[in-house]
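Colleague: I should be grateful for a close look at a single part of this model, the open sheet, together with the helices that surround it. Please treat the strands and then the helix contacts in one connected account.

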Amino acid sequence: MGAPRMLVIGHEVSPETALVQAGTLVGWAAEHGVEIVPGVAGGALPAPETLDAIAVLGSAEGAWDDDVPWLADEIAYLHAAVDVGVPLLGFCFGGQLLARVLGGTAHAADGRHENGWREITTVAPEIVSPGPWMEFHFDTFTPPPQAEVLATSERCTQAFREGAHLGVQFHPEITPAELETWIARWTGTPLEARLPELGVDPEALRAETAARAEESRAASWVLFDAFAERAGLLPDPAVR
């Protein structure tokens, strides 16, 4: 039997950049014998039935915005994956989209955005630690009605689980290299001009991300272990 296959879906980037943006998930997968398959929304993706899991990464677009050219196809693809029993893991935009696909909603955060490293309140610390976790979002989600809420902040729901599916509002996968891809995309955009208003100093964020890299990686691996065990990627707990 071959290694479990996990598709990682990036947005408006190359497959190579999608791998960078998968961050700590890539190292976790290598350690646990899971094959990462990079893909990009709007491009050719493998048939869901050939996969063992799908991770949906962040995006600068809104998971609620049906004017995004590739969004309808991604939603249809994820519905097809759910229909054939493929577990989904969503980060930030990916968590919002997962909520929408499973019967919740994605919507603008209406001033409840969170930017930078933040503590959260968790009811399942064995899955989602209190953090701090990297947040960078202007949208959020309402969890599916049948979902179990695992974590919240003062502003937003932060994590939910439904069956084998797991969606989070934060970025567990963040690494210094991934942060550089974000900063490169901010450069010369209206968002760059808004950073002082948001309380975001790119140099300070770089330094804090580097300082927190190892503790963040360790917390993310606990989250990924919990997802993988429910998803059947790690049938033997001793693999941990």
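Modeller: The account below begins with the sheet and its central pairings, and then turns to the helices and two individual residues.

The model is a predicted one. Its open sheet is formed by 8 strands, and these follow the order β2-β1-β3-β4-β12-β11-β10-β7 with mixed pairing. The edges are taken by β2 (35-40) and β7 (121-122); each has a single partner strand, so one side of each is left without a neighbour in the sheet.

Strand β3 offers a convenient point of entry. On one flank, β3 (residues 53-56) runs parallel to β1 (residues 5-10), and 4 bridges join the two. Within this pairing, Leu 7 has Ile 54 of β3 as its bridge partner, and Ile 9 stands opposite Val 56 in β3. The pairing of β3 with β4 is also in the parallel sense, over 3 bridges; here Ala 55 has Leu 89 of β4 as its bridge partner.

In a regular strand, side chains alternate between the two faces of the sheet. In β3, Ala 53 and Ala 55 point one way, whereas Ile 54 and Val 56 point the other way, and all are buried.

The helices that pack on this sheet can now be placed. The parallel joining of β1 and β3 by 4 bridges belongs to the region touched by helix α8. Helix α8 (residues 213-231) packs on the sheet and touches β1, β3, β4, β11 and β12, its direction making about 155° with that of β4. Returning to Leu 7, whose bridge partner in β3 is Ile 54, a second helix also reaches this strand. Helix α4 (residues 93-101) packs on the sheet as well, touching β3, β4 (88-91), β11 (157-162) and β12 (165-168), and its direction makes about 130° with that of β4.

Each of these two helices also has a helical neighbour. Two packed helices are described by the angle between their axes and the distance between the axes. For helix α2 (residues 24-32) and α8, the angle is about 60° and the axes are 10 Å apart. That angle makes α2 oblique to α8, and the crossing of the two is right-handed. On the α2 side the contact is made by Thr 24, Leu 25, Gly 27, Trp 28, Glu 31 and His 32, and on the α8 side by Arg 217, Ser 220, Trp 221, Phe 224, Asp 225 and Ala 228. Sorted by class, this contact of α2 with α8 has 5 nonpolar, 4 polar and 3 charged residues.

One member of that contact merits separate mention. Ser 220 lies in helix α8 and counts as buried, at 0% relative accessibility. Leaving aside neighbours within four places in sequence, Ser 220 is in contact with Thr 24, Trp 133 and Pro 172.

The neighbour of α4 is helix α3 (residues 71-83); the axes of α3 and α4 come within 10 Å and cross at roughly 65°. This crossing is right-handed. Leu 71, Glu 74, Ile 75, Leu 78, His 79 and Val 82 of α3 make the contact with Phe 93, Leu 97, Arg 100 and Val 101 of α4. By class, the residues of the contact of α3 with α4 divide into 7 nonpolar, 1 polar and 2 charged.

A further helix pair completes the helical part of the account. The axes of helix α5 (residues 176-186) and helix α7 (residues 202-211) come within 10 Å and cross at roughly 165°; α5 and α7 are therefore roughly antiparallel to each other. Their crossing is right-handed. Pro 176, Leu 179, Glu 180, Ile 183 and Trp 186 of α5 meet Pro 202, Leu 205, Arg 206, Thr 209 and Ala 210 of α7. By class, the contact of α5 with α7 has 7 nonpolar, 1 polar and 2 charged residues. The buried residues of α5 are Glu 178, Leu 179, Thr 181, Trp 182, Ile 183 and Trp 186, and their cover includes α1 (15-21), β8 (133-137), α6 (190-198) and α7. Just after α5, Gly 188 takes a positive phi of about 80°.

Finally, a loop residue may be added. Arg 112 is placed in the loop between β5 (105-108) and β6 (114-118), and is partly exposed, with a relative accessible area of 31%. Leaving aside neighbours within four places in sequence, Arg 112 is in contact with His 107, His 137, Thr 140, Arg 155 and Cys 156.

Terms used:
Residues numbered from 1 in each chain as written. Predicted model: local features only at pLDDT ≥ 70, side-chain atom pairs only at ≥ 80, totals over all residues. Heavy atoms only, no water. Axes fitted to C-alpha atoms, helices over the stretch in contact; angles between N-to-C directions. Parallel < 35°, antiparallel > 145°, perpendicular 65-115°, else oblique. Left-handed = near helix turned anticlockwise from the far one by under 90°. Contact = heavy atoms within 4.5 Å. Nonpolar A, V, L, I, M, F, W, Y, C, P; charged D, E, K, R; others polar. Pairing = 2+ DSSP bridges. Buried < 20%, exposed > 50% of the residue type's maximum accessible area, 1.4 Å probe, protein only.
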